[in-house]
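User: Can you walk me through this one? I'm new to this, so short answers please.
Analyst: Sure. Let's look at it together.

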Amino acid sequence: MTVERTDEQSGPAAGLLVVVAVEAEAEAVRRGLGPGSGAGVLAAGVGPAAAAAGTAVALARGRYRLVLSAGIAGGFAPAAPLGSLVVADAVVAADLGAETPDGFADVTELGFGAVRHPVPPGLVAALAGACGGAVGEVLTVSTVTGSAERAGALRKRHPRALAEAMEGFGTAEAAARFGLAAGELRAVSNAVGPRDRASWRIGEALAALERAFAALPPLPHLLKEV
Ligand SMILES: O=C(O)c1cccc(C(=O)CC[C@H]2O[C@@H](n3cnc4c(=O)[nH]cnc43)[C@H](O)[C@@H]2O)c1
């Protein structure tokens, strides 16, 4: 696993680490950031475990002050349509828990762990103000939702959720171990609900992700907010 920086590794403290799942997302982020941003961009793999492991290794090896989970996501209709951007004000593990006779119980209800990482409000405002993204919860799931029933159950349990993806909570958990804030910025490639591969708009979502990173304020401005 390597963290590719968009400029010299040996320069001043990098500051920003952007963690995505796959190389196509990393390329979109790098194009948006442009040369000389100094940010680290890591394609850590799909899912919360890969994201947590990759983020932790990168943070142990590099000098970072802020972490962003980024990439494509499923959007909850109608708030997060295809091609739109979503900025998390909380990163929430939505399927970390147990099935009980009374329904799903998250790990905090079972008496241990955490399922939620709030994002510093100033960081949320700076990100959303810059890219025009909608603000709300972004869920992290280990299984992509593929039915209206599951989508409805998630929305019932998380009425403020705008999107689901698979890495944010892992990235935020790792960042927290290093005492760092983490945000999440997602571009919607598909609707959360019944599986319909023909309707995915991955190219549009990657283009929106690139535009979002091109619009980000300079790093010192973001760092003031955390
Ligand atoms: O096979 C399917 O039905 C299916 C539907 C949506 C996404 C996938 C993926 O394997 C992509 C996972 C990858 O992309 C992010 N992502 C994008 N859309 C979603 C989603 O609706 N729910 C969860 N994750 C999504 C995710 O963060 C992964 O990196 C397959």
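**Working through the model**

Analyst: Start at Pro220, which is exposed because just 8 other C-beta atoms lie within 10 Å, and 12 or fewer counts as exposed. Keep in mind that this is a predicted model.

User: Where does Pro220 sit?
Analyst: Pro220 is in helix α7, residues 219-223.

User: How far is Pro220 from Gly15, in sequence and in space?
Analyst: They are 205 residues apart in sequence. In space their C-alpha atoms are 8.7 Å apart.

User: Now Leu59. Buried or exposed?
Analyst: Leu59 is buried, because 23 other C-beta atoms lie within 10 Å and the cut-off is 20 or more. This residue belongs to helix α2, residues 48-61.

User: What does Leu59 touch?
Analyst: Leaving out residues up to four places away in sequence, Leu59 touches Leu17, Tyr64, Ala174, Ala175 and Phe178. Arg177 is 118 residues from Leu59 in sequence, yet 9.7 Å away in space, C-alpha to C-alpha.

User: And Arg65, why does it count as partly exposed?
Analyst: Arg65 has 17 C-beta neighbours inside 10 Å, so it falls between the two cut-offs, 12 or fewer for exposed and 20 or more for buried. Arg65 is in strand β4. From Ala21, Arg65 is 44 residues away in sequence and 20 Å away in space, C-alpha to C-alpha.

User: Switching topic. Which residues touch the most other members of the largest nonpolar core?
Analyst: Val29, Ala163 and Leu209 do, in a core of 72 residues. Strand β5, residues 85-93, supplies the largest share of this core, with 8 residues. In soluble globular proteins, nonpolar side chains tend to be buried together.

User: What is Ala163 in contact with?
Analyst: Not counting neighbours within four places in sequence, the contacts of Ala163 include Ala73, Gly74, Phe76, Val86, Val138 and Val188. Arg186 is also one of them.

User: What about the ligand? Which residues come nearest?
Analyst: Ala21, Gly74, Val144, Ala165 and Met166, out of 18 residues around the ligand. Three elements give two or more residues to that shell: β4 (64-75), β10 (161-165) and β11 (182-191). β4 gives the most, with 4 residues.

User: How many of the shell residues are nonpolar, polar or charged?
Analyst: The shell around the ligand has 9 nonpolar, 6 polar and 3 charged residues.

User: Next, the helices. How do α1 and α6 cross?
Analyst: Two packed helices are described by the angle between their axes and the distance between the axes. Here the axes of α1 (residues 23-33) and α6 (residues 202-215) come within 7 Å and cross at roughly 35°. The crossing is right-handed.

User: Who makes that contact?
Analyst: On α1, the residues include Ala24, Ala28 and Val29. On α6, they include Leu206, Leu209 and Phe213. The residues of this contact divide into 9 nonpolar, 1 polar and 4 charged.

User: Which α1 residues are buried?
Analyst: Glu25, Ala26, Ala28, Val29, Arg30, Gly32 and Leu33. Their cover includes β2 (15-20), β3 (40-43), β4 and α6.

User: What follows α1?
Analyst: Gly34, with a positive phi near 75°.

User: Last one. Where is the cis peptide bond between Ala77 and Pro78?
Analyst: Pro78 lies in the loop between β4 and β5. The bond joining Ala77 to Pro78 is cis, with omega about 0°. Most residues other than glycine have a negative phi, and most peptide bonds are trans.

Methods. Residues are numbered from 1 along each chain as its sequence is written. This is a predicted model: local features need pLDDT of at least 70, side-chain atom pairs count only at pLDDT 80 or more; totals for chains, interfaces and linings use all residues. A nonpolar core is a set of buried Ala, Val, Leu, Ile, Met, Phe, Trp, Tyr and Cys residues joined through C-beta atoms within 7 Å. Two residues are in contact if their C-beta atoms, placed from the backbone, lie within 7 Å. A residue is near a molecule or strand if its C-beta atom, placed from the backbone, lies within 6 Å of it. Ala, Val, Leu, Ile, Met, Phe, Trp, Tyr, Cys and Pro count as nonpolar, Asp, Glu, Lys and Arg as charged, and the others, Gly among them, as polar. Axes are lines fitted to C-alpha atoms, for helices over the stretch in contact, and angles run from 0 to 180 degrees between N-to-C directions. A crossing is left-handed if the near helix is turned anticlockwise from the far one by less than a right angle, and right-handed if clockwise.
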